[in-house]
Amino acid sequence: MAKLLFSVLMIVLWWMLHALQIDEEAAMRTVHEAKRAIDRAAHAAAQQLDREKLELGIVSIDPDVAAQTANLYLSRNLSLDASLEPRAGSFLRDPVEIRAFEIINEGVSYPYTYRNPQYDYEVTLKRPGVVLIAHVKYPRLFGVLAPVEWNLKGAAELVF
């Protein structure tokens, strides 16, 4: 009887460890997919030139178009709707929150070091650019892994 009980407990322990490993691997996949989406959104937003200022010889990013483009790229890459809520079939269950969206334009001298002490982020830009920080929650597959949340950071410069 003791061996039977021991065997059952070991099987349950093995299943829990296996579930933990699967959850950890899925969390790593989620963070990598979300980070790539953040980087793509920041890069796309940084490429949105203000055409009126460009006609005057000023290289500048259009803030409204950049924000719309960043939201579009995030929603498309993470299967979210326009309000950044997950769609059916998305690997996320909670909405993505934009914590910081900063456009560094012609009003500063370059190289410019952007600092955000709240999120412990620092990046140096050599030309106009965009900084994007988003909060992503991992949708746990099993209840074994503690809740995991990230503040993912991305920055991109205007390419010309």
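Colleague: Leaving aside its neighbours within four places in sequence, which residues is Lys153 in contact with?

Modeller: Lys153, found in strand S5 (residues 149–157), is in contact with Lys35, Ile38, Asp39, Tyr119, Asp120, Tyr121, Leu132 and Ile133, where contact means heavy atoms within 4.5 Å. This is a predicted model, in which local features need pLDDT of at least 70 and side-chain atom pairs count only at pLDDT 80 or more, while totals for chains, interfaces and linings use all residues. Residues are numbered from 1 along each chain as its sequence is written, and side-chain values use heavy atoms, with hydrogens and water left out.

Colleague: What is the mean pLDDT of the chain?

Modeller: The mean is 91, and 100% of the residues reach 70 or more, on a scale from 0 to 100 that gives the predictor's confidence in each residue. Among the elements, helix H1 (residues 2–46) has the lowest mean, 89, and strand S4 (residues 129–137) the highest, 96; such helices (H or I, at least four residues) and strands (E, at least two) are DSSP runs, numbered from the N terminus.

Colleague: Why is Thr30 called buried?

Modeller: Buried means under 20% relative accessible area, exposed over 50%, and partly exposed in between, with a 1.4 Å probe and protein chains only. Thr30, found in helix H1, has a relative accessible area of 1%, and therefore counts as buried. Beyond residues up to four places away in sequence, Thr30 touches Phe91, Leu92, Tyr138 and Trp150.

Colleague: What makes Met1 exposed?

Modeller: Met1, in the segment before H1, has a relative accessible area of 81%, so that it is exposed. Met1 also belongs to a nonpolar surface patch, among whose members are Leu4, Trp14, Trp15, Leu141 and Phe142, with about 1,200 Å² of accessible area together.

Colleague: How do you know that Glu106 forms a salt bridge with Lys53?

Modeller: A salt bridge is a side-chain nitrogen of Lys or Arg within 4 Å of a carboxyl oxygen of Asp or Glu, and the closest N and O atoms of Glu106 and Lys53 are 3.0 Å apart, so the pair meets that limit. The pair links distant parts of the chain, with Glu106 in the loop between strand S1 (97–104) and strand S2 (112–116) and Lys53 in helix H2, 53 residues apart. Glu106, at a relative accessible area of 36%, is partly exposed, and Lys53, at 29%, is partly exposed as well.

Colleague: How many salt bridges does a search of the whole structure find?

Modeller: The search finds five, including one between Glu97 and Arg99 (3.1 Å, N to O) and one between Glu122 and Arg115 (3.2 Å, N to O). Glu97 is partly exposed at 32% and Arg99 is partly exposed at 33%, whereas Glu122 and Arg115 are exposed.

Colleague: Why does Asp62 have no salt bridge?

Modeller: The nearest side chain of opposite charge, Arg51, is 8.2 Å away, which is not within the limit, and therefore the pair does not count as a salt bridge. Asp62 is nevertheless buried, in the loop between helix H2 (51–55) and helix H3 (63–77), where Asp62 touches Gln48, Leu49 and Asp50, not counting residues up to four places away in sequence.

Conventions. Lys, Arg positive; Asp, Glu negative; His and termini not counted. Patch = residues over 30% accessible without salt bridge, like charges linked within 9 Å, V, L, I, M, F, W, Y side chains within 5 Å. Areas by Shrake-Rupley, 256 points an atom, 1.4 Å probe, with all protein chains shown as cover.
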